[in-house]
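Reader: I would like a close look at one part of this model, the cysteine cross-links. Please state the cut-offs behind each term as you go.

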Amino acid sequence: MRFSNVAASLAAFGLLSLGILGSGCGDDPPASQPPPSGANCGLTASCVTVDPTCIALVDNAGQTEFGLRMSQIIISKPATLAAASFIGKTVAGGVALDDTKCNLSGQGTFSWLLHFDTMTNTVCTGGAKPVANPADGFSFVNEMISGFNITPIKFSSDLSQGTFEVTEGQDIIVPVYTAEGGAPILLPLKKARILGGKLSSNNNCVGTYNAEGLDPLNLCRPYPEENQFTFLNAGKIEGYITLEDADAVEVDLAKKSLCALLTGKDDGAMPIAKCLRDANGKIDYKGDWCDATNAAADAMCADAVQLGAEFAASAVKINGGCPL
């Protein structure tokens with residue numbers, strides 16, 4: 001499983017997946033005087049959007065089935081994948097759409113969809129392939145890739161109050177597509193779950209566009225080092241990845257495996273440095289999570305790393321609905 005170039009210049013995981021730095025995440029802001037009093041990054045008339053609250057592309061109001069695409073993913077756990085890290089910026093750049101009129105300067109190659117059905121109180125979530133025109137809509141990946149069955153997962157949640165979450169996680173392989181094209185990087189998340197999701201009253205948004213929190217002097221791009229992000233999040237993702245699975249994910253731009261990036265240690269091998277291993281071939285790192293128990297690591301089991309992220313989402317057309 002390879003993690004290739006998300007763009008010639010990337011911006012932040014997201015998953016937890018997981019471009020570098022200018023596009024989608026923002027370069028270092030210019031060293032100059034503060035912006036004029038009252039200046040912010042409000043959307044202009046040239047940003048044509050159905051709902052500027054979250055730069056939604058379709059109107060879900062009154063629909064019993066509707067879809068959203070995660071417009072921002074900010075990783076909080078582990079610290080090595082946090083928003084200002086290499087992987088954090090890689091995810092953000094892949095998730096953000098490419099629409100500079102609306103202050104979005106990503107690549108839009110990494111899509112994570114949410115399909116809601118208020119009649120059955122279910123939420124379907126999973127990855128989608130890149131599209132030439134986001135206005136044409138997205139479709140869930142539901143096929144075999146490299147011998148793995150890549151499909152969304154579905155969970156029940158009472159949607160009557162505009163909230164959604166699941167307490168019992170499910171395993172999912174998230175396909176992370178890159179600007180290079182070709183087969184995606186497959187990110188194996190275990191016991192993934194969504195918590196605290198909050199829909200807007202018209203079902204167009206999870207979270208809101210953060211006009212006041214961006215800096216015009218930084219071209220209204222996100223700048224995670226100063227806690228400046230394009231959206232205010234309103235949902236969380238939790239799960240974990242085993243160290244062995246992470247060691248099989250190769251991050252080409254970093255010349256390291258995801259495991260090496262997670263742990264901050266590597267064996268120095270070329271062309272891809274992997275996690276350090278002991279004399280018995282076991283990864284020589286103690287994670288904070290245990291795969292066997294899906295609980296915090298202890299002296300007997302520390303073979304995984306817990307992942308946590310927050311997200312915002314905006315309404316899009318989902319072609320074909322949920323395939324499950």
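Author: What follows takes the disulfides one by one and then turns briefly to the pockets. The model is predicted, so to speak of local features a pLDDT of at least 70 is needed and side-chain atom pairs count only at pLDDT 80 or more, while totals for chains, interfaces and linings use all residues. Residues are numbered from 1 along each chain as its sequence is written, and side-chain values use heavy atoms, with hydrogens and water left out.

A disulfide here is a pair of cysteine sulfur atoms within 2.5 Å. By that rule there are six disulfides. With bonded cysteines counted along the chain, their pattern is 1-7, 2-4, 3-6, 5-12, 8-9, 10-11.

One of them joins C54 to C205, with the sulfur atoms 2.1 Å apart. The torsion about this S-S bond is about -75 degrees, so the disulfide is left-handed. It links distant parts of the chain, 151 residues apart: C54 sits in the loop between helix 1 (22-25) and strand 2 (65-77), and C205 in strand 14 (residues 205-206). Helices (H or I, at least four residues) and strands (E, at least two) are DSSP runs, numbered from the N terminus. Both C54 and C205 are buried, that is, under 20% relative accessible area, where exposed means over 50% and partly exposed in between, with a 1.4 Å probe and protein chains only.

In the pair C124 and C322 the sulfur atoms are 2.2 Å apart. Here the torsion about the S-S bond is about 65 degrees, so this disulfide is right-handed. C124 belongs to strand 6 (residues 122-128) and C322 to the segment after strand 22 (304-315), so the pair ties together parts 198 residues apart in sequence. C124 counts as buried at 1% relative accessibility, and C322 is buried at 16%.

C259 and C275 form another disulfide, with sulfur atoms 2.0 Å apart. Its S-S torsion is -95 degrees, and the link is left-handed. C259 lies in helix 4 (residues 258-263) and C275 in the loop between helix 4 and strand 20 (289-290), 16 residues apart. Both C259 and C275 are buried.

As for the pockets, the term means an open set of points on a 1 Å grid over the protein atoms alone, where a 1.4 Å probe fits, with protein on both sides within 12 Å along at least five of seven lines; lining residues have an atom within 4 Å of a point. The largest pocket is lined by 14 residues, and K282, I283, K286, A302 and D303 lie nearest its centre.
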